[in-house]
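Visitor: I should be grateful for a close look at one part of this protein, namely the way its helices pack against one another. Please add a word on the empty spaces afterwards.

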Amino acid sequence: MKRVGIIGAGAAGIAAALEAARRGATVLLFDSNPRIGRKLMTTGSGRCNLSNGAVSADRYVTTHPQRLAQALERFSQARLIQWLDELGVPTYATEDGWGYPISNAAANVVDIFEARLKQAGVAVHLRTLIQDIQPVRSGFRLIQPDRSQPPFAVETLIVASGGKAYPQFGSRGELLGVIERLGHTILPVYPALAPLLTDRRPLHKLQGVRLDARLQLYGGDDCLDETIGNIIFTAWGINGPGVMDLSHAVGAHQHQPLRLVIDFVHRHEKTLQKLFNQPENQDLPLRILLEAVLPAKVAALFVERAGLPPSITLKELAEKPKQDLLHDLRNAEVAVKGSRGFEFSQASTGGVPLDEIDPTTMQSERQAGLFFAGEVVDVVGPCGGFNLHWAFTSGWLAGHAAGNVGAIPNTQIG
C-alpha cells in the first residue's frame, strides 16, 4: 500500500489527507501544533469562511493565472461544496456569495475534520516538526530536528506547510529553503490580507469609524491595485477587508513611497446630488446632509477640512467650496507606511510558482513524487473565502494524485 506523507495539517493538508486515504493510501499527516486546523479555527472571525461563489482565476494574485484556472476547473466550486457536505459540513452562502458552514463555527468544522481523519485511518503526528526532506530511491525521508529520532519514510510527499502568515500558529516558512534545494524557485514572500500602517494625521479623527469605501493604492503616479470594501480606522492605521485586499501590493512595492486614495462616497454620488438639489434641504446644515450617507465623524471632519463653519447651510455654500469638498471626499489621501506584517496577516504571497507545478495534480515538475498544496504555492486571493477555497482545492487535487497508483485523467472533476 502506498505511503503518502503530508506536511501541514491546515485546510490544504486535511483535504489532501482525506482524499489520499480515500484512494487507498496509507497516510501520515504531520503538524508542529498540538491540534490540527489551528489557522482554520480563526477564519471568518471564527465563523469559517469556506469558499466564495465568485471564485475564478482572475480574482487571485499569481504569476500564472492560466495554470490556476486549470486547477480551479479540475475541482469546481460546486464540487467543493458537495465534498464538504459529504464530510458532514453543510454550508450556506450570503447574498454576496461568501460561503459558511451552517453551524457558523470554525471550531465545529475542525472537530468534524478531526473525526473524519480518524475514521479514514490517517496517522496524525502532532507536535512533530519536519525540518528536512531527503529524496531517496523509494521516495522521501522526512527528518525531525532531533536527529536521534528515526526519519519517516514515505513514497510520495505533499508539502502543505503554508507560507509565513500567522507564525504564532507554526507557519514560518521553514521549509521554503528545503524546497529550493530540491530544485524549485521560491518567489519572494510578503504579507497578504494584512492591515495597513498609515500616516494617521490626515484622518486621525476617524478612529473607530467603519464604512465601505473605494480604495486605490498608488506608487508615484501608478495605480498598483484597487478595490471596494469595508475599512476600519484604528490607532495605528486602517484595518478591514478593503485594505487587506491591497496589502500584497504594499509588500511587493515596499521600497517606494506609497499612498492610499480613499473614495468615501463611491456608492452615494447620486443620493448626495439628489439631497443637494432638493429645495426643502437648502436651510439644513451641510454636515447633517452628509450624515445621510456618511458616519457623523466623517461628515464633521470633511466640513472642517474644507475650512467651512460647522453650522453652514446648503444655501450658504458657494458652488466651488461644495465641489472642492466633494472632490476631497472622493480623493482623500493617506501615506502608507507598510503592512502590520506576517503576525497580523491572514495569508502570504510568493512561494513555489505554478509554472513549476502540474496544475491538474499539483505534482512538482522538478521532483517526481513531490506535491504542493495551499499557501506554499504562489496563489493568494482576496478576503471572502477565496484562500480557503484554494487550500481545499489544491489539497484535494494533490491528495487524489499522490494517493493514486496511476495519474488522474486530465478531465474536470465534479
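Guide: The model shown here is predicted. I begin with a pocket and then turn to the helices. In the lining of the second largest pocket, 6 residues are nonpolar, 6 are polar and 1 is charged. The volume of this second largest pocket is about 200 Å³. Its lining comprises 13 residues, and those closest to the centre of the pocket are Val-61, Ala-252, Thr-349, Gly-350 and Asp-378.

The helices come next. Two packed helices are described by the angle between their axes and the distance between the axes. Helix α1 spans residues 11–22 and helix α4 spans residues 106–119; their axes come within 10 Å and cross at roughly 30 degrees. An angle under 35 degrees counts as roughly parallel, and α1 is therefore roughly parallel to α4. The crossing in which α1 passes α4 is left-handed. On the α1 side the contact is formed by Ile-14, Ala-17 and Leu-18, and on the α4 side by Phe-113, Arg-116 and Leu-117. By class, this contact of α1 with α4 holds 5 nonpolar residues, no polar residue and 1 charged residue.

Helix α4 also meets helix α3, which covers residues 77–87; the axes of α3 and α4 come within 10 Å and cross at roughly 75 degrees. Because angles of 65 to 115 degrees count as roughly perpendicular, α3 is roughly perpendicular to α4. From α3, the residues in contact are Trp-83, Leu-84, Glu-86 and Leu-87, and from α4 they are Ile-112, Phe-113 and Arg-116. The contact of α3 with α4 consists of 5 nonpolar, no polar and 2 charged residues. Phe-113 and Arg-116 of α4 thus appear in the contact with α1 and in the contact with α3.

Helix α3 has a further partner in helix α12, residues 386–402; the two pack at an angle of about 85 degrees, and their axes are 11 Å apart. It follows that α3 and α12 are roughly perpendicular to each other. Here Gln-77, Leu-80 and Trp-83 of α3 meet His-389, Phe-392 and Trp-396 of α12. The residues of this contact of α3 with α12 are 4 nonpolar, 2 polar and no charged. Trp-83 of α3 takes part in the contact with α12 and in that with α4.

Finally, there is the enclosed space. Rolling a probe the size of a water molecule over the atoms shows where empty space is left. The count comes to 1 cavity of 30 Å³ or more, and the largest cavity holds about 70 Å³ of space. Among the residues lining the largest cavity are Asp-199, Arg-200, His-204, Phe-233, Gly-237 and Val-334. The lining of the largest cavity divides into 5 nonpolar, 5 polar and 2 charged residues.

Methods:
Residues are numbered from 1 along each chain as its sequence is written. This is a predicted model: local features need pLDDT of at least 70, side-chain atom pairs count only at pLDDT 80 or more; totals for chains, interfaces and linings use all residues. Side-chain values use heavy atoms; hydrogens and water are left out. Axes are lines fitted to C-alpha atoms, for helices over the stretch in contact, and angles run from 0 to 180 degrees between N-to-C directions. Helices (H or I, at least four residues) and strands (E, at least two) are DSSP runs, numbered from the N terminus. Angles under 35 degrees count as roughly parallel, over 145 as roughly antiparallel, 65 to 115 as roughly perpendicular and the rest as oblique. A crossing is left-handed if the near helix is turned anticlockwise from the far one by less than a right angle, and right-handed if clockwise. Contact means heavy atoms within 4.5 Å. Ala, Val, Leu, Ile, Met, Phe, Trp, Tyr, Cys and Pro count as nonpolar, Asp, Glu, Lys and Arg as charged, and the others, Gly among them, as polar. On a 1 Å grid over the protein atoms alone, a cavity is a set of points where a 1.4 Å probe fits but cannot get out, and a pocket is an open set with protein on both sides within 12 Å along at least five of seven lines; lining residues have an atom within 4 Å of a point. Grid points are joined across faces, edges and corners, and a volume is the space filled by probe spheres set on the points.
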